[in-house]
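Here are some short exercises on inner spaces and cysteines, each with a worked solution. Try each task yourself before reading on.

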Amino acid sequence: MTSNYHTPQDFYLPAEWEKQDAIQLTWPHANTDWKPYLDDITETFLQLSKAISDKEKLIIATPNKKSLSNYLSKKLSESNLKNIIIYECNSNDTWARDHGAITLKNKNGDCLLLDFKFNGWGEKFKAEKDNKITHCLYTQNAFNGSLVDYNDFVLEGGSIETDGKGTIFTTTCCLLAPHRNQPLDKTEIENQLKERLNANRIVWLEHGELIGDDTDGHIDTIVRTAPNDTLLYMRFDNSQDPQYNDFIELEKQLKSLTTADGHPYRLLALPAPDAMYDEGDRLPATYANFVILNNLVIVPSYNQQEKDKEARNIIQQAFPQHEVISIDASTVVRQHGSLHCLTMQYPANSIHTK
């Protein structure tokens with residue numbers, strides 16, 4: 001592991017739809033907030049595991065490797081099991097998007113796995129075990145590449161999106177939120193992102209924080225990049241929804257943006273799910289939190305048949321070469337996240353396969 005490191009200039013942050021080696025899940029257990037409905041969330045993880053391992057390798061971090069291996073051997077086919085690699089790592093929770101390594105690559109196929117600090121979304125939740133998971137995987141030879149120690153800077157994978165061409169999208173409400181990287185100001189944080197991710201420009205979105213979002217407004221819940229300079233984004237059509245005006249402003253900003261070479265983006269609006277609540281609290285349900293794999297996109301669904309189907313159809317427009325399926329995220333959203341939040345992708349040539 002390298003510290004006091006400067007990212008070489010020939011590395012870049014690939015788009016999520018570029019060729020992948022694997023996706024990571026961090027498995028739920030009884031010592032996480034999933035305990036009250038552990039069986040339900042385990043079923044969701046099982047569905048994710050099958051869908052992922054049908055297409056590529058699946059890395060799973062869990063505190064109990066033997067127990068999980070026995071469980072999966074009873075639930076999945078031999079072909080799925082061959083694509084699953086389980087590593088024993090302690091964990092506080094299951095949000096691999098935010099504690100997983102952010103991986104850069106170069107044209108030679110070399111990879112750098114950036115281990116940023118995860119502090120429980122601004123010290124809201126315990127995170128000391130999750131913050132060590134990437135290093136835990138590295139010490140078990142999971143990765144094919146150098147691990148870079150960036151634990152002097154807080155950055156969650158869900159807080160950034162990339163087009164794979166040097167543009168990083170993020171939100172001011174998250175990256176400038178308390179207990180992240182103070183006393184750095186916006187300009188200083190932008191410079192850090194450019195330096196560490198080798199980005200050419202940072203696009204800051206000023207609107208679109210979902211009610212119930214513990215992350216202070218992760219971009220992967222509201223706006224996602226797709227091939228051919230496409231942006232998918234959430235839009236509320238119900239003017240009585242308290243979030244309606246904020247998302248209208250988000251849409252206005254997106255319409256004003258241009259690509260690095262000056263062209264407008266192709267914009268595809270996703271429907272907002274009907275309001276969902278848990279014990280009276282509004283949940284941040286969103287279709288934007290979809291997972292991109294090799295030739296597959298997994299879209300969260302919420303038992304809202306018409307809107308679930310509409311979201312799939314719109315995402316299919318953005319990814320015409322991919323199969324698009326749904327997995328029920330109704331249990332996931334009870335902990336204020338969705339499917340993309342549970343996963344972290346690793347690009348081609350970045351992991352060791354067994």
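**Exercise 1.** Into which classes do the residues of the lining of the largest cavity fall, and how many are in each?

*Solution.* Start with the classes: the lining has eight nonpolar, seven polar and five charged residues. Here Ala, Val, Leu, Ile, Met, Phe, Trp, Tyr, Cys and Pro count as nonpolar, Asp, Glu, Lys and Arg as charged, and the others, Gly among them, as polar.

A word on the model before going further: it is predicted, so local features need pLDDT of at least 70 and side-chain atom pairs pLDDT 80 or more, while totals for chains, interfaces and linings use all residues. Residues are numbered from 1 along each chain as its sequence is written, and side-chain values use heavy atoms, without hydrogens and water.

Next, the space itself: the largest cavity holds about 240 Å³. A cavity is a set of points on a 1 Å grid over the protein atoms alone where a 1.4 Å probe fits but cannot get out, and lining residues have an atom within 4 Å of a point. Volume is the space filled by probe spheres set on the points, which are joined across faces, edges and corners.

Finally, look at the wall. Of its 20 lining residues, L13, P14, R97, T162 and Q345 lie nearest the centre. The strand β18 gives the largest share, three residues. Strands are DSSP runs of E with at least two residues, and helices are runs of H or I with at least four, numbered from the N terminus.

**Exercise 2.** What is the volume of the second largest cavity?

*Solution.* The second largest cavity has about 60 Å³. Among the residues that line it are L210, M234, F236, D274 and R282. By class, its lining divides into eight nonpolar, one polar and two charged residues.

**Exercise 3.** Which cysteines does a disulfide join?

*Solution.* First, find the bond: C89 is joined to C136, S to S 2.4 Å, where a disulfide is a pair of cysteine sulfur atoms within 2.5 Å. The link of C89 and C136 is left-handed, with -95 degrees about the S-S bond. Then place the two ends: C89 lies in the loop between β3 and α4 and C136 in helix α6, so the pair ties together parts 47 residues apart in sequence.

Now check burial, which means under 20% relative accessible area. C89 is buried at 2%, and C136 is buried at 18%. Last, consider C174, which is in no disulfide; its nearest cysteine sulfur, that of C173, is 6.6 Å away. C174 is buried too, at 1% relative accessibility.

Notes: 1 Å grid on protein atoms, 1.4 Å probe; cavity = no way out; pocket = protein on both sides within 12 Å on 5 of 7 lines; lining within 4 Å. Buried < 20%, exposed > 50% of the residue type's maximum accessible area, 1.4 Å probe, protein only.
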